[in-house]
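Q: Please take one residue of this model and examine it closely. I should then like to see how its surroundings fit into the chain.

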Amino acid sequence: MGNRFGTMMDLYHHPQDAPHFNMIPKTDPMEGFPKGRKERVMVATEEEMISAKLPPEERNYCAHLRIAFYQCKRKNFPFVKRACKHEFHNFANCEFEDYVIRAKDFERERRLFKRKLAAEAAAQGA
């Protein structure tokens, strides 16, 4: 089963046991990382994204690479596929890495949530 389908089934069968995938994390993002973790920083500024006319759903951590790819597309049309391979590869790789990070964060949140529920159940049973 796919990651999203399994999550949807968890939400359907046990809504009280699983965090919603659009929910803001309720746990400390540094919990479980004794040395801390690298903070993610937006490279593109809000002004750059507005001037590039990026819609709100495309304004993420990969916006600077998306802007570079769109500029290459405009500059090299109609030979986009050949001329902008490098920009597209960088952008697609960033999008994939962002997806993986968000999936890992969701899974971490889900496991911490289930661990908290199990500890509460053990405390009530004892």
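A: Arg-108 is the residue chosen here, and it lies in helix 5 (helices are DSSP runs of H or I with at least four residues, strands runs of E with at least two, numbered from the N terminus). The model is a predicted one, in which local features need pLDDT of at least 70 and side-chain atom pairs count only at pLDDT 80 or more, while totals for chains, interfaces and linings use all residues. Residues are numbered from 1 along each chain as its sequence is written, and side-chain values use heavy atoms, with hydrogens and water left out.

Arg-108 is buried (under 20% relative accessible area; exposed is over 50%, partly exposed in between; 1.4 Å probe, protein chains only). Although buried, Arg-108 has no salt bridge (a side-chain nitrogen of Lys or Arg within 4 Å of a carboxyl oxygen of Asp or Glu). The nearest side chain of opposite charge belongs to Glu-109 and is 4.7 Å away (Lys and Arg count as positive, Asp and Glu as negative, and His and the chain ends are not counted). Once neighbours within four places in sequence are set aside, Arg-108 is in contact (heavy atoms within 4.5 Å) with Thr-27, Asp-28, Pro-29, Met-30, Glu-31 and Phe-33.

Helix 5, which holds Arg-108, covers residues 85–125 and also contains Cys-94. Cys-94 forms a disulfide with Cys-62 (cysteine sulfur atoms within 2.5 Å), and here the sulfur atoms are 2.1 Å apart. Cys-62 sits in the loop between helix 2 (46–51) and helix 3 (63–76), so its pairing with Cys-94 in helix 5 ties together parts that are 32 residues apart in sequence. The link of Cys-62 and Cys-94 is left-handed, with -90° about the S-S bond. Cys-62 and Cys-94 are both buried.

Cys-94 has a further partner in Tyr-61, whose place is also the loop between helix 2 and helix 3. Leaving out neighbours within four places in sequence, Tyr-61 is in contact with Arg-40, Val-41, Met-42, Cys-94 and Asp-98. The C-alpha atoms of Tyr-61 and Met-42 are separated by 5.3 Å, although these residues are 19 residues apart along the chain. Tyr-61 is partly exposed, and its relative accessible area is 31%.

The structure holds 2 disulfides in total. Besides the link already described, Cys-72 is joined to Cys-84, with a distance of 2.0 Å from S to S. Cys-72 belongs to helix 3 and Cys-84 to the loop between helix 4 (80–83) and helix 5, so this pair ties together parts that are 12 residues apart in sequence. The torsion about the S-S bond of Cys-72 and Cys-84 is about -95°, so this disulfide is left-handed. Cys-72 and Cys-84 are each buried. When the bonded cysteines are counted along the chain, the pattern of disulfides is 1-4, 2-3.

The wider setting is a chain with 5 helices and 0 strands, whose elements run α-α-α-α-α from the N terminus on. Of the 126 residues in the chain, 21% are buried, and Arg-108 is one of the buried residues. Among contacts in the chain with a separation of 6 or more, 49% come from residues 24 or more positions apart.
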